[in-house]
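These are my notebook entries on one structure, written down in the order in which I looked things up.

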Amino acid sequence: PYSVNSSWRKEIPELALESARGWKENLTIIAVQNTAASSEFVQLMEEIIKHFSNFLIVADEVHWLGARSYQPAMIKLANFRLGLSATPSRYFDEEGTEEIFKYFGQTVFEFPLREALKVRDEKGNRILCDYEYHPSFVELSAEELESYRELTKIINAMVHSKNAEELKKKINDLRIERARIVKSAISKIPELRRLVGLMD
């Protein structure tokens, strides 16, 4: 079933009951990340799983599930698991990346861009449009760089301390905080303006 509103809270328990009675041979349930990671949704899935021989979870853009708030969506009872992503490793989040690979296993198939560019339709036309890739590099401000270096020192000290395992959550939080410095670098704004100006 597919629903664009919150009716799943009513529909899924009904499906669980129908499954328990043997009225459903199979089910396909699609959920966005916020819903899939909610405790209510996970509990309902665990109830439905009991009535089927197999449970397959397919996670598109699987790198998102490495985030602590989305990790509950990786339901332990699923005996078949498939994660899809062009970038399965999370940037500056070793712990989140580790959780993804621990759950889904190692990469089993890769389709690099250079191969995708060779794919053509029945008329011989490329599936992907032609484009040029021009990375644009920016630098951190002095203040941002100082904060980045300070957080790196703290993280390294915690990682190599005797209490590293106990500090795991704190280390992860600090890594996320450090990554935000790069993601929100103030120099990105003027560079974006420059790029937009080039397009005019």
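**Entry 1: surface patch**

I began with the surface, where Val108, Phe109, Phe111, Leu113, Val119, Ile127, Leu128, Tyr131 and Tyr133 form a nonpolar patch, with about 1,000 Å² of accessible area together. I note here that the model is a predicted one, which applies to every entry that follows. Of the patch members I followed up valine 119, which I found in the loop between α5 and α6, the latter spanning 142-159. Its relative accessible area is 33%, so I list valine 119 as partly exposed.

**Entry 2: the largest pocket**

I next looked up the largest pocket, for which I have about 700 Å³ of space. I find 25 residues in its lining, and those that lie nearest the centre are Ile29, Phe55, Leu56, Ile57 and Val58. Which element gives the largest share of this lining? I find that β1 does, with 5 residues, while α2 (33-36), α3 (39-49) and β1 (56-60) are the elements I noted as each supplying at least two residues. Sorted by class, the lining residues of the largest pocket come to 18 nonpolar, 5 polar and 2 charged.

**Entry 3: the second largest pocket**

For the second largest pocket I noted a volume of about 580 Å³. Its lining is made of 21 residues, with Gly83, Ser85, Thr107, Phe109 and Glu110 nearest the centre. Two or more residues of this lining come from each of β2 (80-84), α4 (94-104) and α5 (113-116), and the largest share, 4 residues, belongs to β2. By class I have 13 nonpolar, 5 polar and 3 charged residues in the lining of the second largest pocket. I also marked Phe109 as a residue that I had met before, since Phe109 is a member of the nonpolar surface patch and is among the residues nearest the centre of the second largest pocket.

**Entry 4: salt bridges**

How many salt bridges does the structure hold? I have 12 for the structure, and I wrote out three of them, beginning with the one in which the side chains of glutamate 40 and arginine 9 meet at 3.1 Å, N to O. Glutamate 40 belongs to helix α3 and arginine 9 to helix α1 (residues 8-20), so this pair ties together parts that are 31 residues apart in sequence. Both partners are partly exposed, glutamate 40 at 34% relative accessibility and arginine 9 with a relative accessible area of 42%.

The next salt bridge that I wrote out joins the side chains of glutamate 95 and arginine 68, at 3.4 Å, N to O. This pair also links distant parts of the chain, with glutamate 95 in helix α4 and arginine 68 in the loop between β1 and β2, 27 residues apart. Is glutamate 95 buried or exposed? At 15% relative accessibility I count glutamate 95 as buried, whereas arginine 68, with a relative accessible area of 38%, is partly exposed.

I then added the salt bridge between the side chains of lysine 118 and glutamate 115, at 3.4 Å, N to O. Here lysine 118 counts as exposed at 56% relative accessibility, and glutamate 115, with a relative accessible area of 30%, is partly exposed.

**Entry 5: a backbone angle**

I looked up glutamate 61 for its backbone, where phi is near 50 degrees, a positive value in a residue other than glycine. I kept this in the notebook because most residues other than glycine have a negative phi. Glutamate 61 has its place in the loop between β1 and β2, and at 38% relative accessibility I count glutamate 61 as partly exposed.

**Entry 6: two distances**

Last, I looked up two C-alpha separations. Serine 53, in the loop between α3 and β1, counts as exposed at 73% relative accessibility. Its C-alpha atom is separated by 9.2 Å from that of asparagine 79, and the two residues are 26 residues apart along the chain. Lysine 102, in helix α4, counts as exposed at 54% relative accessibility. From lysine 102 to glutamate 143 I have 37 Å in space, C-alpha to C-alpha, with the two residues 41 apart in sequence.

Conventions:
Residues are numbered from 1 along each chain as its sequence is written. This is a predicted model: local features need pLDDT of at least 70, side-chain atom pairs count only at pLDDT 80 or more; totals for chains, interfaces and linings use all residues. Side-chain values use heavy atoms; hydrogens and water are left out. On a 1 Å grid over the protein atoms alone, a cavity is a set of points where a 1.4 Å probe fits but cannot get out, and a pocket is an open set with protein on both sides within 12 Å along at least five of seven lines; lining residues have an atom within 4 Å of a point. Grid points are joined across faces, edges and corners, and a volume is the space filled by probe spheres set on the points. Ala, Val, Leu, Ile, Met, Phe, Trp, Tyr, Cys and Pro count as nonpolar, Asp, Glu, Lys and Arg as charged, and the others, Gly among them, as polar. Patches are made of residues with over 30% relative accessible area and no salt bridge: like charges are joined within 9 Å, nonpolar side chains (Val, Leu, Ile, Met, Phe, Trp, Tyr) within 5 Å. Accessible areas come from the Shrake-Rupley method with a 1.4 Å probe; for residues, only the protein chains shown count as cover. A salt bridge is a side-chain nitrogen of Lys or Arg within 4 Å of a carboxyl oxygen of Asp or Glu. Buried means under 20% relative accessible area, exposed over 50%, partly exposed in between (1.4 Å probe, protein chains only).
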